[in-house]
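User: I'd like to learn how to read a structure like this one, feature by feature. Could you give me the general idea each time and then show me the case here?

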Amino acid sequence: MRYALSTLVLVLICATFAPAQTPAKTALMKRLPTVKFADVSLIDAIDFFRDASNANLVVDWKSIEEIGVSKDTAVSLGLRYTPMRFALKATLESAAPGQLTFYVDQNVITITTLARADEKMITRIYPVQDLLVDIPDFEGPSLSLTDNASGGRRGRGNGNGGSGGGIFDSGSSDRDKDSEKSKSRSEKADDLVSLIQETIRPDVWDINGGKARIKFFNGTLIVTAPRSVHEAIGGPIE
């Protein structure tokens with residue numbers, strides 16, 4: 001249930017706060033008929049994406065070279081009819097697994113290291129009030145094969161004159177569930193915060209020694225985190 005709630009949060013937030021499309025974002029969505037790199041230099045691969053998309057594409061070579069990746073680093077990749085966003089990500093992964101990333105800002109696609117991109121903390125507010133509302137759990141009718149099949153012979157099945165109880169009669173277990181206290185809005189919010197911290201870049205949150213913070217206040221989540229975290233929660237931002 002917690003993961004289903006997380007999916008619903010992401011869908012609703014994306015729908016509510018999806019930013020306007022820019023040429024750079026449109027370019028990243030464009031499907032490329034063929035992407036085939038066989039030990040091609042990283043700079044040539046990036047030039048391919050720049051020419052194929054006609055987008056503003058900037059590379060932070062200084063930061064990239066600091067982690068031991070050069071313009072001549074070889075990349076190999078073979079894809080067909082794939083969105084540029086996925087193809088570019090796969091290319092950077094081929095050059096330096098887990099160390100390179102890209103983002104869109106002011107209609108410019110910037111390629112840099114993940115560490116450099118994570119240095120900038122961004123604060124955004126996500127309304128989640130509607131996701132914390134209790135949904136009434138109405139008790140359905142009791143179903144019993146014994147009641148339907150035996151009619152007036154209900155007492156024959158158990159030898160003591162009482163009803164034998166059908167296979168759909170859940171007995172006291174369901175009544176025990178009725179007595180369970182539903183979680184408060186605050187408890188549900190805490191569960192949601194914990195879920196985000198456990199599933200989206202766990203290493204960046206303050207509870208794990210990082211700098212990112214998340215707080216529930218008055219029906220909203222206030223999140224201060226790197227761009228990559230916000231994109232995982234609510235989609236690409238600019």
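Analyst: Gladly! Helices and strands here are DSSP runs numbered from the N terminus, with helices being H or I runs of at least four residues and strands being E runs of at least two. By that count the chain has ten helices and eight strands. Two notes on the source: this is a predicted model, in which local features need pLDDT of at least 70 and side-chain atom pairs count only at pLDDT 80 or more, while totals for chains, interfaces and linings use all residues. Residues are numbered from 1 along each chain as its sequence is written, and side-chain values use heavy atoms, with hydrogens and water left out.

User: What percentage of the residues of the chain count as buried?

Analyst: Buried means under 20% relative accessible area, exposed means over 50%, and partly exposed lies in between (1.4 Å probe, protein chains only). Of the 238 residues, 35% count as buried.

User: And how are contacts spread along the sequence?

Analyst: A contact means heavy atoms within 4.5 Å. Taking contacts between residues at least 6 apart in sequence, 65% join residues at least 24 apart.

User: How should I read a nonpolar core, and which residues have the most contacts inside the largest one?

Analyst: In soluble globular proteins, nonpolar side chains tend to be buried together. A nonpolar core is a set of buried Ala, Val, Leu, Ile, Met, Phe, Trp, Tyr and Cys residues joined through side-chain atoms within 4.5 Å. The largest core in this model has 31 residues, and Val 35, Leu 42, Phe 49, Leu 57, Leu 88, Ile 109 and Ile 111 have the most contacts inside it. Helix 5 (residues 84–95) supplies the largest share of this core, six residues. Take Ile 109 as an example: leaving out residues up to four places away in sequence, its contacts include Ala 24, Leu 28, Leu 57, Leu 88 and Phe 102. A second, separate core has 19 residues, among them Val 128, Leu 132, Ile 214 and Ala 225.

User: How many aromatic pairs are there, and how do I read one?

Analyst: A pair of aromatic rings is described by the distance of the centres and the angle of the planes. Rings of Phe, Tyr and Trp (its six-membered ring) pair if their centres lie within 6.5 Å; planes under 30 degrees apart count as stacked, over 60 as edge-to-face and the rest as tilted. The whole structure holds three such pairs. In one of them, the ring centres of Phe 37 and Phe 49 are 5.9 Å apart with planes at 85°, so the pair is edge-to-face. Phe 37 sits in strand 1 (residues 31–41) and Phe 49 in helix 3 (residues 42–53), twelve residues apart, so this pair links distant parts of the chain. Phe 48 and Phe 49 also pair edge-to-face, at 5.4 Å centre to centre and 70° between the planes. Together, ring pairs link Phe 37, Phe 48 and Phe 49 into a cluster.

User: Is each of these rings' residues buried or partly exposed?

Analyst: Phe 49 is buried at 0% relative accessible area, and Phe 37 counts as buried at 8%. Phe 48, at 29%, counts as partly exposed.

User: Now the sheets, please. What is the strand order in the sheet that contains strand 5?

Analyst: Strands of a sheet pair through backbone hydrogen bonds, either parallel or antiparallel. Two strands pair if DSSP finds at least two bridges between them. This open sheet of three strands has the order 2-5-4, with mixed pairing. Strand 2 (57–59) and strand 4 (100–105) are its edges, each pairing on one side only. Strand 4 pairs with strand 5 (residues 108–113) in the antiparallel sense over six bridges, and Phe 102 stands opposite Ile 111.

User: Which strands stand at the edges of the sheet with order 6-8-7?

Analyst: Strand 6 (121–127) and strand 7 (213–217) do; each has a single partner strand, so one side of each is left without a neighbour in the sheet. The pairing in this open sheet of three strands is antiparallel. Strand 7 and strand 8 (residues 220–226) pair over five bridges, and Arg 213 has Thr 224 in strand 8 as its bridge partner.

User: Which strands does helix 9 touch?

Analyst: Axes are lines fitted to C-alpha atoms, for helices over the stretch in contact, and angles run from 0 to 180 degrees between N-to-C directions. Helix 9 (residues 185–199) packs on the sheet, touching strand 7 and strand 8, with its direction at about 160° to that of strand 7. Gln 197 lies in helix 9 and counts as buried at 10% relative accessibility. Its contacts, leaving aside neighbours within four places in sequence, are Pro 202, Trp 205, Asp 206, Ile 207 and Ile 214.
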